[in-house]
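Biologist: I'd like a close look at one part of this model, please. Pick a residue to start from, then work outwards to what surrounds it.

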Amino acid sequence: MKRMVLEIDGREVAFASNAAMPIKYRTWTGRDYYRDIAVATDPTSPSFDIRVLYDVAWTFARIADPEGVPDSAEAWLESFDTFDPLAVVTELAKAFAEDSKQLKKPRAEGKRSK
């Protein structure tokens, strides 16, 4: 599991990611992580919804601290006086971007590895 800590509203907040993160995101939000990220990275999209950024941050925080992070993004966010979702998700994207990339390109059928 990959972890990081960010300071938000004067306190340290842990975030983590693992291979189950997109599944947990769907379970907890009812939405597809990859579809949401595609829309969230384009603020000019008519489907853009700031809530996606909050939900992404909450999901990573809940993976890092399942006992300490509430079951709803709203309850978690209410524990902060200030929260910049764009800044937080930008930092998470930098730290966890490699987790969602394919490790090895599939080889063409009929070709063998040497």
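Modeller: Let's start with Lys24, which is partly exposed because its relative accessible area is 29%; the cut-offs are under 20% for buried and over 50% for exposed, with partly exposed in between, using a 1.4 Å probe and protein chains only. Bear in mind that this is a predicted model, where local features need pLDDT of at least 70, side-chain atom pairs count only at pLDDT 80 or more, and totals for chains, interfaces and linings use all residues. Residues are numbered from 1 along each chain as its sequence is written, and side-chain values use heavy atoms, leaving out hydrogens and water.

Lys24 sits in helix α1; helices are DSSP runs of H or I with at least four residues, strands are E runs of at least two, and both are numbered from the N terminus. Lys24 and Ile63 are 39 residues apart in sequence, yet their C-alpha atoms are 8.5 Å apart in space.

Now for the neighbour of α1. Helices α1 and α2 pack at an angle of about 90 degrees, and their axes are 9 Å apart. Those axes are lines fitted to C-alpha atoms, for helices over the stretch in contact, with angles running from 0 to 180 degrees between N-to-C directions. The two helices, α1 and α2, are therefore roughly perpendicular; that label covers 65 to 115 degrees, with under 35 roughly parallel, over 145 roughly antiparallel and the rest oblique. On the α1 side, Met21, Pro22 and Tyr25 meet Tyr33, Tyr34 and Asp36 of α2, where contact means heavy atoms within 4.5 Å. Sorted by type, the residues of this contact are 5 nonpolar, no polar and 1 charged. Here Ala, Val, Leu, Ile, Met, Phe, Trp, Tyr, Cys and Pro count as nonpolar, Asp, Glu, Lys and Arg as charged, and the others, Gly among them, as polar.

Take Tyr34, which is found in α2. Tyr34 counts as partly exposed because its relative accessibility is 45%. Tyr34 and Pro22 lie 12 residues apart in sequence and 7.6 Å apart in space, C-alpha to C-alpha.

Another way in from α1 is through Trp28, one of the residues touched by Arg62. Arg62 belongs to helix α3 and counts as buried because its relative accessible area is 12%. Besides Trp28, Arg62 touches Val69, Pro70 and Asp71, leaving aside residues up to four places away in sequence. Val69 and Pro70 turn up again among the contacts of Trp76, together with Val13, Phe15, Tyr54, Ala57, Trp58, Ala61 and Phe83, with residues up to four places away in sequence again left out.

That brings us to the largest nonpolar core, which has 29 residues and in which Phe15 and Trp76 make the most contacts. Such a core is a set of buried Ala, Val, Leu, Ile, Met, Phe, Trp, Tyr and Cys residues joined through side-chain atoms within 4.5 Å. Elements that each give at least two residues to this core include α1 (21-29), α2 (33-40) and α3 (50-64). The largest share, 9 residues, comes from α3.

Stepping back, the protein has 5 helices and 2 strands, in the order β-β-α-α-α-α-α along the sequence. Of its 114 residues, 33% are buried.
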